[in-house]
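Hi,

Here is the structure I promised to pass on. Have a look at it first, and then read my notes underneath.

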Amino acid sequence: MSEQSLPPDARPEPPDALPDYAERVLEVAELIPPGRVMTYGDVAEWLEHEEGERAALCGEGGGGRRMGGPRQVGRVMALYGGAVPWWRVVRADGVLLPGHELRALDHYRTEGTPLKEAGRAAEGHLPRLDMTRARWDGGGRAEGHT
């Protein structure tokens with residue numbers, strides 16, 4: 001049986017194609033407006049909620065199947081996030097992404113993302129994100145912002 005005779009959903013994806021879940025995570029990252037952030041868990045919940053709505057519209061029960069959690073979102077961002085505003089998907093504690101702190105900090109300052117200045121005792125004296133003020137709940141879907 002050749003690839004040509006396979007149904008469209010059974011054909012192997014091209015080697016450069018992103019997994020569906022990764023594509024969806026990156027789409028959410030692109031929706032986050034400048035100056036705002038979502039946690040890895042926020043993105044996972046967003047996708048779970050979106051999947052539930054899609055299932056309800058199609059008349060499916062949803063089945064309670066969870067696609068992924070914060071770790072899976074983090075993995076997607078680590079592997080594929082370079083082409084999207086990766087600095088807007090963050091840890092829940094507001095600590096800057098290890099190894100990318102200065103690049104992220106530059107983006108946060110440029111976009112006006114709320115920060116909490118670090119105390120003198122803090123290692124490296126790097127600020128944290130002010131999660132109370134910077135966190136975006138997805139309201140208003142800021143399409144067109146990157």
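Below is what turned up, from the whole chain down to single side chains.

One thing to keep in mind throughout: this is a predicted model.

**The whole chain**

The protein has five helices and four strands, and along the sequence they come in the order α-β-α-α-β-α-β-β-α. It runs to 146 residues, of which 37% count as buried. Its accessible surface is about 9,300 Å², with 49% of that belonging to carbon and sulfur atoms. If you take the contacts between residues at least 6 apart in sequence, 64% of them join residues at least 24 apart.

**Two helices**

Helix α1 covers residues 20-31, twelve in total, and spans 17 Å from its first C-alpha to its last. At 1.5 Å a residue you would expect 16 Å, so the value is close to that. Its buried residues are Tyr21, Ala22, Arg24, Val25, Leu26, Val28, Ala29 and Leu31.

Helix α3 takes in residues 70-80, and Val73, Gly74, Val76 and Met77 are buried there. These four sit on the same side of α3, because they cover an arc of only 160 degrees around the axis. Turn to the face pointing away from that buried side and you find the exposed residues Arg71, Arg75 and Ala78.

**Tryptophans**

How many aromatic pairs does the structure hold? There are two. One of them is formed by Trp86 and Trp87, whose ring centres are 5.6 Å apart with 85 degrees between the planes, which makes the pair edge-to-face. The cut-off for edge-to-face is over 60 degrees, so 85 degrees qualifies. Trp86 has a relative accessibility of 11% and counts as buried; for Trp87 the relative accessible area is 11%, and that residue is buried too.

Trp136 lies in the segment after α5 (131-134). Is Trp136 buried or exposed? Its relative accessibility is 5%, and the limit for buried is under 20%, so Trp136 counts as buried. Its C-alpha is 8.1 Å from that of Pro33, with the two positions 103 residues apart in sequence terms. A polar atom of the Trp136 side chain also lies 3.5 Å from the backbone oxygen of Gly139.

**Two arginines**

Arg88 sits in the loop between α3 and β2 (89-90). With a relative accessible area of 0%, Arg88 is buried, and its side chain reaches the backbone oxygen of Ile32 at 2.8 Å.

Arg128 belongs to strand β4, residues 128-129. At a relative accessible area of 41%, Arg128 is partly exposed. Which residues does Arg128 contact, leaving aside its neighbours within four places in sequence? They are Asp93, Gly94, Val95, Leu115 and Lys116. With Asp93 there is a polar link as well: the side chain of Arg128 comes to 3.2 Å from the backbone oxygen of Asp93. As for Lys116, it is twelve residues away along the chain, while the two C-alpha atoms are separated by 5.2 Å.

So much for my notes. If you want a place to start in the viewer, try the Trp86 and Trp87 pair, and then the side chain of Arg88 with the backbone oxygen of Ile32.

Cheers

Technical notes
Residues numbered from 1 in each chain as written. Predicted model: local features only at pLDDT ≥ 70, side-chain atom pairs only at ≥ 80, totals over all residues. Heavy atoms only, no water. Buried < 20%, exposed > 50% of the residue type's maximum accessible area, 1.4 Å probe, protein only. Arc of directions from axis to C-beta. Phe/Tyr/Trp six-rings, centres within 6.5 Å; stacked < 30°, edge-to-face > 60°. Contact = heavy atoms within 4.5 Å. Areas by Shrake-Rupley, 256 points an atom, 1.4 Å probe, with all protein chains shown as cover. Polar contact = N/O pair within 3.5 Å; in protein donor to acceptor, adjacent residues only side chain to side chain.
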